[in-house]
Amino acid sequence: MAELYHHEAEAPRPRIGITMGDPAGIGPEVTLKAVFSEEILAACVPVIIGDAAYLMHWARTFGLPQEFKVVNAGDAF
């Protein structure tokens, strides 16, 4: 899982889990582009559920920020 950082001091926002979709399809691209939108980041803390290394690969490929906090299943976050 990867949780996106939002650095501004503000009221707590809910964490929303989002699956990365079909890794062999357009899922990672659509998910990454959606969670980096200002509207999404203003409304919640998106937590992407999926393979962190795979998501990082696609974030680099699409030139998107790579500011992920990686949390392994079972770890507290």
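## A walk around helix α3

Begin by selecting Ala52, Leu55 and Ala59, the buried residues of α3. Turn the view until you look down the axis of α3: these buried residues fall within an arc of 60°, so they line one face of the helix. One piece of background helps here: an α-helix has 3.6 residues a turn, so residues three or four places apart point the same way. Keep in mind as you go that this is a predicted model.

What does that buried face pack against? Show α1, β3 (45–49) and β4 (68–70), the partners of the buried residues of α3.

Now visit the two ends of α3. At the N-terminal end, pick aspartate 51, which acts as a cap: one of its side-chain oxygens sits 3.0 Å from the backbone nitrogen of alanine 53. Then jump to glycine 63, just after α3, and check its backbone: phi is positive there, about 70°.

Next, widen the selection to Met20, Leu32, Val35, Phe36, Ile48, Leu55, Ala59, Leu64 and Phe68; these nine residues form the largest nonpolar core. Colour α1 (27–35) and α3 (52–61), the elements that give two or more residues to this core. As a general pattern, nonpolar side chains tend to be buried together in soluble globular proteins.

For the last stop, stay on α1 and select threonine 31, which lies in that helix. Is threonine 31 buried or exposed? With a relative accessible area of 8%, under the 20% cut-off, threonine 31 counts as buried. Leaving aside residues up to four places away in sequence, display its contacts: threonine 31 touches Ile18, Thr19, Met20, Gly21 and Ile48. Met20 and Ile48 are also members of the largest nonpolar core you have just selected.

Methods
Residues are numbered from 1 along each chain as its sequence is written. This is a predicted model: local features need pLDDT of at least 70, side-chain atom pairs count only at pLDDT 80 or more; totals for chains, interfaces and linings use all residues. Side-chain values use heavy atoms; hydrogens and water are left out. A nonpolar core is a set of buried Ala, Val, Leu, Ile, Met, Phe, Trp, Tyr and Cys residues joined through side-chain atoms within 4.5 Å. Buried means under 20% relative accessible area, exposed over 50%, partly exposed in between (1.4 Å probe, protein chains only). Helices (H or I, at least four residues) and strands (E, at least two) are DSSP runs, numbered from the N terminus. Contact means heavy atoms within 4.5 Å. The arc is that of the directions from the helix axis to the C-beta atoms. A polar contact is a pair of N or O atoms within 3.5 Å; within protein, one must be able to donate a hydrogen and the other to accept it, and residues adjacent in sequence count only if both atoms are side-chain atoms.
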